[in-house]
Amino acid sequence: MTTSLLADLGIRPLINANATLTRLGGSLMPSEVVDAMRDASHHWVDLAELQRAVGARLASMTRNEGALVSTGAAAGLTLAAAALMTGDDPSLIARLPDGGGFARNEFIVHKSHRNGYDHSIRSAGGKIVEIGSALQTHEWELTSAINPHTAGIFWFQGAMTGIGDLPFSTVVDIARDHQIPVVVDAAAQLPPVENLWRFTRAGAALAIFSGGKDLRGPQTTGLCVGNAKLIETMRLNGSPNHSVGRGLKVGKEELGGLLAAVDRYLKLDHAARSIECEAVVAHWNRELCRIPGLQAERSFPNEAGQPLPRSHVTFDASISAQSIVTKLMAGDPAVSVAFGRNNDIYLNPMTLENHEDEIVLNQLVLTLTKP
Ligand SMILES: *Cc1c(COP(=O)(O)O)cnc(C)c1O
């Protein structure tokens, strides 16, 4: 979409100094990803064959046994829940999302991990069984929650993962003893790039990443990696098969785009990128600290636990962080930043294009100094 079409529609593009948020468009696709999508759009293919071939390539690239492209990480959770309930039984696949009466339809989740993606599990027909409290979870709570109806354990890695949770390794050990698969929602756990194989090496049956966050693949993609048999069962529950996942359609363009995105991501100089982000944050903080009424300091890791810095700006009582956020969004250009909980904001360098860091700084300084 050109800027003039956006203007025609009455939509103002914005600068994202917030995070890889779906509501802001997720991420920007690099040219190699767009090219791969365009190339894929030119060919008729046997879609199931292409899905398998792309999956096999993604598996070997990410050092996993199997891989599957889903329509986003949330859809990957749905397919995983479905697969863990049905196995390869066609009569069970046909019955979902009515999981009532299934031998296995329960999924164990830490209470502290509960989040908006519950829907992904429930829409497949899965039942969520909570363990622990918001503050603490005991091993016996996990072992006593496991019963013959348990289909799997979901582990949400990131902002939800709390200090009182069972260690991931303990969950994996207990799960292995009971032959229960562990699925990791690692949607926003890139960087570091090693996470593409870290969770599955540590014993998870499956790890699910968003293709439309830092991978900068198509916004509507997710990358599911792990156990080859589970991946196959997810395929049976997904499009183009008539199943609970039929609506979660992945096109050939998304398959091509995500493959190109993962290839690019594995070749990226992540160390250099981290140094660039550090330089931007240091510059922001130096400049902002000249302005009276605020403190600016480096915050690390970021809100998703990714090993990249942000600038944390805390205002004195005379300045309202909420009004700064509103003014930045109303500015020209509009800038989106994260609103904190203590009259503070966070500026994130990881979603910025070249030189946008200067614009973000200028807009913030303008907002603070203009009456
Ligand atoms: C972003 C996110 C998702 C959803 O990912 P999509 O690719 O947008 O479907 C799920 N879980 C967590 C923890 C996330 O951060």
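**Cores, helices and ligand surroundings in a predicted model**

F209 is in contact with A73, A186, A187, Q189, L190, N195, L196, F199, G222, L223 and V225, leaving aside its neighbours within four places in sequence. Apart from the core of F209 lies another core, of 29 residues. Among the members of that other core are A83, L84, F102 and A187. The core to which F209 belongs is the largest nonpolar one and holds 41 residues. Within this largest core, L142, F209 and L223 touch the most other members. The model described here is predicted.

The surroundings of the ligand were examined next. The residues around the ligand are T22, G72, A73, A74, Y117, M160, D185, A187, A188, S210 and K213. A73 and A187 thus appear around the ligand and among the contacts of F209. A187 is also listed in the core of 29 residues. Three of the residues around the ligand place polar atoms beside it. A backbone N or O atom of A74 lies 2.9 Å from a ligand oxygen atom. In D185, a polar side-chain atom is 2.6 Å from a nitrogen atom of the ligand. The side chain of S210 has an N or O atom 2.6 Å from an oxygen atom of the ligand. Taken alone, the ligand exposes 390 Å². The protein buries 86% of that area.

Helix 4 covers residues 73-86. It has 14 residues. From its first C-alpha to its last it reaches 20 Å, close to the 20 Å expected at 1.5 Å a residue. Of these 14 residues, 13 are buried, so helix 4 is largely enclosed by the rest of the structure. T86 is located in this helix. Its relative accessible area is 5%, so T86 counts as buried, the cut-off being under 20%. Beyond the residues up to four places away in sequence, T86 touches L92, I93, L96, F102, T233 and N237. One of these contacts, F102, is among the members of the core of 29 residues. G87 follows helix 4 and has a positive phi, near 55°.

Helix 11 spans residues 252-267. Its 16 residues should span 22 Å at 1.5 Å a residue. The end C-alpha atoms are 23 Å apart, which agrees. The buried residues of helix 11 are E254, L255, G256, G257, L258, A260, A261, V262, R264 and Y265. They pack against several elements. These are helix 2 (31-40), helix 3 (47-61), strand 2 (66-70), strand 8 (222-226) and helix 12 (270-288).

T62 lies in the loop between helix 3 and strand 2. Although T62 is in a loop, it is buried, with a relative accessible area of 0%. Leaving out residues up to four places away in sequence, T62 touches L196, W197, L223, V225 and V262. V262 is one of the buried residues of helix 11. L196, L223 and V225 are also contacts of F209.

Two cis peptide bonds are described here. One joins L190 and P191, with omega about -5°. P191 is in the loop between strand 6 (182-185) and helix 9 (195-201). L190 is itself one of the residues in contact with F209. The other cis bond runs from S239 to P240, with omega near 5°. P240 sits in the loop between helix 10 (228-236) and helix 11.

Positive phi values also occur at residues that are not glycine. Q179 has a phi of about 55° and is not a glycine. Q179 belongs to the loop between helix 8 (168-177) and strand 6. With a relative accessible area of 70%, Q179 is exposed, because the cut-off is over 50%. H355 is likewise not a glycine, and its phi is about 70°. The loop between strand 13 (344-347) and helix 14 (356-369) contains H355. H355 is exposed, at a relative accessible area of 63%.

The last residue considered is G10. G10 is found in the loop between helix 1 (3-8) and strand 1 (14-16). At 59% relative accessibility, G10 counts as exposed. Along the chain, G10 and V33 are 23 residues apart. Their C-alpha atoms are separated by 27 Å.

Conventions: Residues numbered from 1 in each chain as written. Predicted model: local features only at pLDDT ≥ 70, side-chain atom pairs only at ≥ 80, totals over all residues. Heavy atoms only, no water. Helix = DSSP H or I, 4+ residues; strand = E, 2+ residues; numbered from the N terminus. Buried < 20%, exposed > 50% of the residue type's maximum accessible area, 1.4 Å probe, protein only. Core = buried A, V, L, I, M, F, W, Y, C linked by side-chain atoms within 4.5 Å. Contact = heavy atoms within 4.5 Å. Near = heavy atom within 4 Å. Polar contact = N/O pair within 3.5 Å; in protein donor to acceptor, adjacent residues only side chain to side chain. Areas by Shrake-Rupley, 256 points an atom, 1.4 Å probe, with all protein chains shown as cover. Expected span 1.5 Å × (residues − 1).
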